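Please walk me through this structure, beginning with the protein as a whole and ending with the surroundings of its ligand.

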Amino acid sequence: MAVSITLSIDGSCCGEFQQLCRLEPKLSHKPRKHFGWLRINDRQLLNCKCFWHISESRNLKNLKPRDLSSHFSYCKDAAEYSSLSESNSVEPEKRQDRIGTGALKSVTKNKNLVPNSQFAQPDGLPPLVSALKASAKQNAASFHFPGHNRGRAAPSSLTQLIGLRPFTHDLPELPELGNLYSPEGPILEAQKQAAKLFGALETWFLVGGTTCGIQAAIMGTCSPGDYLILPRNSHMSAISAMVLSGAIPKYIIPEYNCEWDIAGGVIPSQVEKAIQELEKDGQKAAAVFVTSPTYHGICSNLSEISQLCHLNKIPLIVDEAHGAHLGFHPQLPFSALQQGADLAVQSTHKVLCSLTQSSMLHISGNIVDRERICRCLQTLQSSSPSNLLLASLDAARAQLNENPEAIFNEALDLATESKNLIKNIPGISVFDSSSFPNFPAIEPLRLTFGFWQLGLSGYEADEMLYRDQMIICELVGIQSITFAVNLGTCREHIQRLVSGIKQVSSTSLPVGNFVKSVEHSALAPFTDINISLNPRDAFFSSKRKVGIRQSLGKICGELICPYPPGIPVMIPGEIITERALDYLLHIKSSTKGASTVIGGASDPSLSTIIICDL
Ligand SMILES: Cc1ncc(COP(=O)(O)O)c(C=O)c1O
């Protein structure tokens with residue numbers, strides 16, 4: 001549908017804006033003084049909805065309601081911002097400000113609006129950080145938890161390591177801090193500011209990682225017996241979410257690159273096929289779940305997937321654990337919300353800078369029942385969420401907000417520089433989009449290098465890098481190693497990485513002597529899945545332990561998942577096949593002494609396995 005929307009944006013930014021939003025060159029763009037207009041169709045609108053404020057619109061009635069609701073809420077934010085930031089020196093009545101996610105907001109004077117100033121902190125700190133600071137300063141006679149009593153009884157072994165301050169700020173849900181499950185005051189304001197920055201209708205702070213956000217998103221959309229469309233290589237939290245919700249999996253088998261031993265993301269036609277297959281059986285999916293980016297940084301075309309989902313009135317949940325930074329730089333792919341996802345869960349602690357275990361769940365549009373998501377989060381999370389974790393989310397948001405357009409400049413430059421240097425090292429392969437041409441982007445801060453031309457597995461190369469250079473990677477695979485570049489990455493570490501890889505190359509077999517073979521793979525998605533019980537029934541059925549070889553043909557009773565990367569090889573309820581067993585034994589033998597653990601297995605030595613006793 002080609003709906004024409006007229007947008008008012010700063011004329012001088014039109015070019016950059018087009019680039020940001022990846023608009024086609026044919027757009028009509030009429031700069032007039034400080035203002036310009038772009039004519040776009042509704043698909044483009046969906047792609048770039050977080051980047052502007054609609055000041056004039058035509059044919060709005062032709063837009064889908066979910067588009068309208070998010071645009072109107074965004075307009076309201078812009079107006080509120082104006083009342084705070086009005087400057088007498090700026091003319092005309094409408095002026096353009098550049099804030100947020102590189103957003104171009106048309107700021108309109110509106111004296112009737114209540115400014116956001118009630119939340120402005122006198123100390124200039126983010127709201128929850130400021131409240132925590134004030135609360136910790138009180139000379140309180142504390143008769144409340146935690147038992148270390150604001151550090152007075154903190155164990156000295158730990159204070160020697162981290163000092164007293166983390167303890168003095170480790171405060172419970174005091175009235176001045178607010179409650180995560182009926183938020184008001186600083187927690188509510190911190191979540192609101194996060195929603196604004198990330199372009200969500202609402203944001204929830206999570207203290208159980210993205211794991212609990214994924215579980216809440218799936219429980220919040222799928223009831224027992226409902227179908228969930230998801231890739232077979234989903235993170236184990238999606239599998240546990242099916243146990244919790246009673247959802248039945250309809251798996252998509254992702255593309256697999258055997259040279260790299262890496263699985264891809266999800267292609268829109270795979271989602272379409274899954275929806276159609278369910279329809280043929282008289283079923284309808286309650287939700288579609290996609291991981292984007294993957295651990296290796298592969299991004300799916302969420303824009304098309306979300307359109308497909310919405311055509312069928314199915315909510316799209318995106319596991320964006322590795323993508324909290326997306327959309328914050330023209331070189332970075334768009335975020336899930338920018339591409340129309342209904343729920344996006346981000347590990348703020350992975351690429352951004354909050355404390356480990358802290359994540360965010362964002363909601364957009366009006367398909368998903370927000371009340372149900374609230375109830376799920378309350379069911380899944382601690383009744384004593386750590387204010388340190390929550391404040392770290394607020395602080396990470398504020399850090400990003402300070403300079404959203406340039407904050408990733410250096411990290412992106414360092415990542416590009418290292419890739420350029422490493423691709424010239426003999427025997428090293430650099431993972432890029434040519435290995436997965438069906439996907440729109442590889443996240444540029446995730447660097448994956450292959451060592452097979454040197455006759456080395458990823459595990460062997462990793463051991464050398466650690467032993468000789470004290471280089472610690474994010475993820476090791478049979479064929480490759482993945483390194484995460486972030487805001488803390490410095491030039492000295494990049495130089496160490498480059499010289500470490502040079503050393504691996506110069507001390508290994510000459511290039512060309514290696515016979516490549518990836519018969520078994522930890523990551524290869526299975527094509528011969530045979531589901532006998534749904535994950536929930538399998539989880540609750542009676543079980544028994546058998547020798548690993550005796551388990552062949554039986555129904556698996558446990559989730560077995562090598563970690564990293566956290567992709568299940570066997571899922572409760574599936575028939576155990578020879579191939580799956582071979583995979584597991586191969587991973588175990590090839591990772592001896594390495595940091596990979598076989599998660600979920602009741603017997604980590606894999607001599608025995610639990611099966612459903614039916
Ligand atoms: C793709 C993916 N999804 C979800 C998770 C879970 O995230 P968290 O550790 O924040 O619970 C991970 C963790 O590694 C992951 O890789």
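**From the whole fold to the ligand shell**

By class, the shell around the ligand is made up of 9 polar, 2 nonpolar and 1 charged residues. This shell will be taken up again after the rest of the protein, and the reader should keep in mind throughout that the model is a predicted one.

The protein contains 18 helices and 23 strands, and of its 614 residues, 47% are buried. Among the contacts with a separation of 6 or more, 71% are between residues that stand 24 or more positions apart.

The largest nonpolar core has 127 residues, and those that touch the most other members are Ile-218, Leu-228, Ile-229, Val-288 and Phe-289. Helix α13, which covers residues 387–402, gives the most to this core, with 8 residues. Another core, of 5 residues, lies apart from it and includes Cys-299, Phe-436, Phe-439 and Ile-442.

What does Phe-289 touch, not counting residues up to four places away in sequence? Its contacts are Ile-218, Leu-228, Ile-229, Leu-230, Ser-234, Ala-238, Ile-317 and Asp-319.

Helix α13 also packs against helix α4 (residues 127–137), at an angle of about 135° and with the two axes 7 Å apart. Angles that are neither under 35 nor over 145 degrees, and that fall outside the range of 65 to 115, count as oblique, and α4 and α13 are therefore oblique to each other. On the side of α4 the contact is made by Pro-127, Leu-128, Val-129 and Leu-132, while α13 brings Asn-387, Leu-390, Ala-391, Asp-394 and Ala-395. Sorted by class, this contact of α4 with α13 has 7 nonpolar residues, together with 1 polar and 1 charged.

We now return to the ligand. It is surrounded by 12 residues, of which Gly-209, Thr-210, Thr-211, His-235 and Ala-321 are the closest. Helix α8, formed by residues 209–219, gives the most to this shell, with 3 residues.

Is α8 mostly covered or exposed? The helix is mostly covered, since 11 of its 11 residues are buried. Among these buried residues of α8 are Gly-209, Thr-210 and Thr-211, which are also listed with the closest residues to the ligand. Ile-218 is likewise buried in α8, and this residue is one of those that touch the most other members of the largest nonpolar core, as well as a contact of Phe-289.

Conventions. Residues numbered from 1 in each chain as written. Predicted model: local features only at pLDDT ≥ 70, side-chain atom pairs only at ≥ 80, totals over all residues. Core = buried A, V, L, I, M, F, W, Y, C linked by C-beta atoms within 7 Å. Buried ≥ 20, exposed ≤ 12 C-beta atoms within 10 Å, placed from the backbone. Helix = DSSP H or I, 4+ residues; strand = E, 2+ residues; numbered from the N terminus. Contact = placed C-beta atoms within 7 Å. Near = placed C-beta within 6 Å. Nonpolar A, V, L, I, M, F, W, Y, C, P; charged D, E, K, R; others polar. Axes fitted to C-alpha atoms, helices over the stretch in contact; angles between N-to-C directions.
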